[in-house]
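Welcome! Please take a moment to look over the sequence and the 3D view before reading on.

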Amino acid sequence: MVYSAAGAATSMLVMALLKKTKKFSSVGVSVAGGIFHNVGQIVVASLVVQNVRMAYYLPFLLVSGVVTGVLIGIVAQTALRYLKR
């Protein structure tokens, strides 16, 4: 639960900051959220198990964060278009 909370908090903070700049699309904000969710989880996991080697999982998690971020960003962008009508 702590891992998810850390990932969610990190992701939410980064997405809020990026959205505020108005320089990123929904897809860009979503990709950043996916990436930083994984970064937050790895940081907490490294602290909990007291082993920085947890970071070895990060490249694999970053790929999944980008893929899911793109997919969720596209869905969000499409939904927002329909909701604005």
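The report below goes from the whole protein to a pair of helices and then to two residues.

## The overall picture

Please keep in mind that this is a predicted model. The protein contains three helices and zero strands, so reading from the N terminus the order of elements is α-α-α. If you follow the C-alpha trace along its principal axes, the protein spans about 50 × 25 × 20 Å.

## Surface and interior

How much of the protein is buried? Of its 85 residues, 26% are buried. The accessible surface of the protein amounts to about 6100 Å², and carbon and sulfur atoms account for 73% of that surface.

Contacts also tell us how the chain folds back on itself. Taking contacts between residues at least 6 apart in sequence, 64% link residues that are at least 24 apart.

## Where H2 meets H3

Now let us turn to a pair of helices. Helix H2 covers residues 26-49 and helix H3 covers residues 58-84. Their axes come within 7 Å of each other, and they cross at roughly 145 degrees. The crossing of H2 and H3 is right-handed.

Which kinds of residues make up this contact? Where H2 touches H3, 13 of the residues are nonpolar and nine are polar, while no charged residues take part.

## A closer look at Asn38

Asn38 is a good residue to find in the view, and it sits in helix H2. Is Asn38 buried or exposed? Its relative accessibility is 8%, and because buried means under 20%, Asn38 counts as buried.

Which residues does Asn38 touch, if those up to four places away in sequence are not counted? They are Leu58, Leu61, Leu62, Ser64 and Gly65.

## A closer look at Val70

Val70 belongs to helix H3. Its relative accessibility is 29%. That value lies between the 20% limit for buried and the 50% limit for exposed, so Val70 counts as partly exposed.

With its neighbours within four places in sequence left aside, Val70 is in contact with Val27 and Val31. You can also look for Ser26 in the view: Val70 and Ser26 are 44 residues apart along the chain, yet their C-alpha atoms are separated by 9.0 Å.

## Putting it together

To recap, the predicted model shows a protein with three helices, two of which, H2 and H3, cross at roughly 145 degrees. On H2 you can find the buried Asn38, and on H3 the partly exposed Val70.

Methods:
Residues numbered from 1 in each chain as written. Predicted model: local features only at pLDDT ≥ 70, side-chain atom pairs only at ≥ 80, totals over all residues. Heavy atoms only, no water. Axes fitted to C-alpha atoms, helices over the stretch in contact; angles between N-to-C directions. Helix = DSSP H or I, 4+ residues; strand = E, 2+ residues; numbered from the N terminus. Left-handed = near helix turned anticlockwise from the far one by under 90°. Nonpolar A, V, L, I, M, F, W, Y, C, P; charged D, E, K, R; others polar. Buried < 20%, exposed > 50% of the residue type's maximum accessible area, 1.4 Å probe, protein only. Contact = heavy atoms within 4.5 Å. Areas by Shrake-Rupley, 256 points an atom, 1.4 Å probe, with all protein chains shown as cover.
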